[in-house]
Structure formats: C-alpha cells, structure tokens
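Trainee: Before we talk terms, could you put the chain up for me? I would like to hear how each label is earned.

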Amino acid sequence: MTTGRRTATGVALVGALALTLLNAPAAQAQDTGIKVTDIVINKGKPIVVGTSKPVEPSISFTITLPSGYSTSDPFRYDAYPFIYRGVLKHATSTGDNFIGPGGYTCYEQSDKVAECEGSLYIDPHPSQEHVDSNSDATTWKTAVALRLFRANGSLLAEEYETRSLTVRLKRAAKVTVNASPEPVVKGKKITVTGKLTRADWATKKYGGYGGRSVSLQFRETGTSSFVTVKKVTTSSTGALKTTVTASKDGTWRWAYGGNDTTGATTSGGDHVDVR
C-alpha cells in the first residue's frame, strides 16, 4: 500500500459497530456515491476461530468519495466492509450473523481516494455471539456499509452493498503427541499416540474429532524437514495410536490437514533417542 497522510481511524469494536447499526437514526434511502473497492480479507485465506480468544483477521480496502466530500474531512463519511451470513437486511438491522471491523486506519491518497487497513474482530465468547453455533463454520458473504453525514453531524444517507467476495470461517483444531518408550533400543517398536480435537462453538469446549485421517511425521535428528511416515484414522473419540520401528534418533509429530469446516493443525514434537 502506498502510504499517504493518515486521515481517519475506524470505530473500535464490533460491539460498538453493531450497536450503531441498531440505533442509527433513519436516513434518506439514496445512493451515497461512495465506492469501496479492492477488498482483501485475511489475505484471502480461511479464518480459523477457537473457543475463547478473539481473532482479528486483516482487512484492506480502498474508499473513493463522491463530489462534495473530501478525505481531509473524515467525519463527513463512513465506509467499511463486513461479513455476514443469511439475509443482509436481517444482519444489518439486528447484528445477528454480522462481523465487522475491530478498527481500521485510512491513508489519504488524494482528495477523493483513501486506502484503508485494519482487522475484523471475531470473539467466540458467549457474550459476543459472533460464532455461537457450529453451523457458523461455513462460507460468509461480504458487504459494505456506506454513510454520508451533514455538516452538523446528522446522518444524510446510508446504504449497504453486497460484494461477490466470500470468506470461509473454520473451527480451530488441536492435536497432541506422545512417543514411547524413550529412549528405545534400535529395531524395537515405538508407540505413538495422540488425540485430535476441534472447537465446539456451542459449548465453548474442544471435543474429540473422529474418523479423520491424520499424518504421522518424522524428522531425523540433524535434518530440518518432517517426512510423512503413515496416515492413521482417529477413533470415534479422536484418539490416535500406531507403532513404528525405531531406527534413527528423531522427532515424531501428528499433522492434520483440515477440511471445509475445520482448520489444519500440527502437534508439537516428541523426540525419541534410539540407542
């Protein structure tokens, strides 16, 4: 992004944005003339959300203003992208299935054009209800909120426009590993266990993820790359267990590639000394 003069900083939190949507005074239904283009969310990658920590995926976009408005007067306009699912009118009027920016900053490129960057704000905490059902792990649509204000600060015009850009939200996954015995005699068997779990957005806990193919990987001591040794399917509770023959010192780990609803994850490594 070409950095120009900083002209405006966006509203702080999604909660505040949703409240603004619900309580904004009626505005004249007309085209604001504001254009929001070049929207990029999370660098084009799926957004993975767990059960407790807020996630702030990046956003960037360009604002082009209509005649009579200038980037040097940021209090006369407001424009930002957001994601939603379901019906646009319901999302913008109730804040349900609506995820907006946690904050953004715009940089003046000219009197009419500003380039903006910031982040969305997704909090899985029950009080926020940004993701409160596992059905939220799906494709979300993108739209933009556009507002013009009079010189006295009152709302002149407001509109919401949809965009073709979509974003995938996924449930976070975790996998553990344990390799034993440690150390082990060369030629003997090593048992590698673990468990694959994923976030349940309804209960705010991680639960076993059964029937998933997970890769057992090994990195020989003195090398930098892991190599897949075999694939193992998790039990109904997400448990993993397999045996391998000890031949070289090295580190074992599990790696799950994810799917349409669940993010990829890799365990830490468990080093085994072969004697």
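**Labels and their grounds**

Mentor: The protein chain has two helices and 20 strands. This is a predicted model, in which local features need pLDDT of at least 70 and side-chain atom pairs pLDDT 80 or more, while totals for chains, interfaces and linings use all residues. Residues are numbered from 1 along each chain as its sequence is written, and side-chain values use heavy atoms, without hydrogens or water.

Trainee: What makes a run a helix or a strand?

Mentor: Both are DSSP runs numbered from the N terminus: a helix is H or I over at least four residues, a strand E over at least two. The edge strand β6 covers 98–99, so β6 counts as a strand under the rule of at least two residues.

Trainee: How do you know that β9 and β10 pair?

Mentor: Pairing requires that DSSP finds at least two bridges between two strands. Strands β9 (residues 139–149) and β10 (residues 155–171) are joined by 11 bridges and run antiparallel, so they pair. Ala-145 stands opposite Tyr-160 in β10.

Trainee: Why are β3 and β6 called edge strands?

Mentor: In the open sheet of five strands the order is β3-β10-β9-β5-β6, with mixed pairing. The edge strands β3 (47–49) and β6 each pair on one side only.

Trainee: Which strands does β15 pair with?

Mentor: β15 (residues 213–220) pairs with β16 (residues 227–233) over six bridges, antiparallel. β15 and β18 (residues 250–256) also pair in the antiparallel sense over six bridges. Arg-219 stands opposite Thr-251 in β18.
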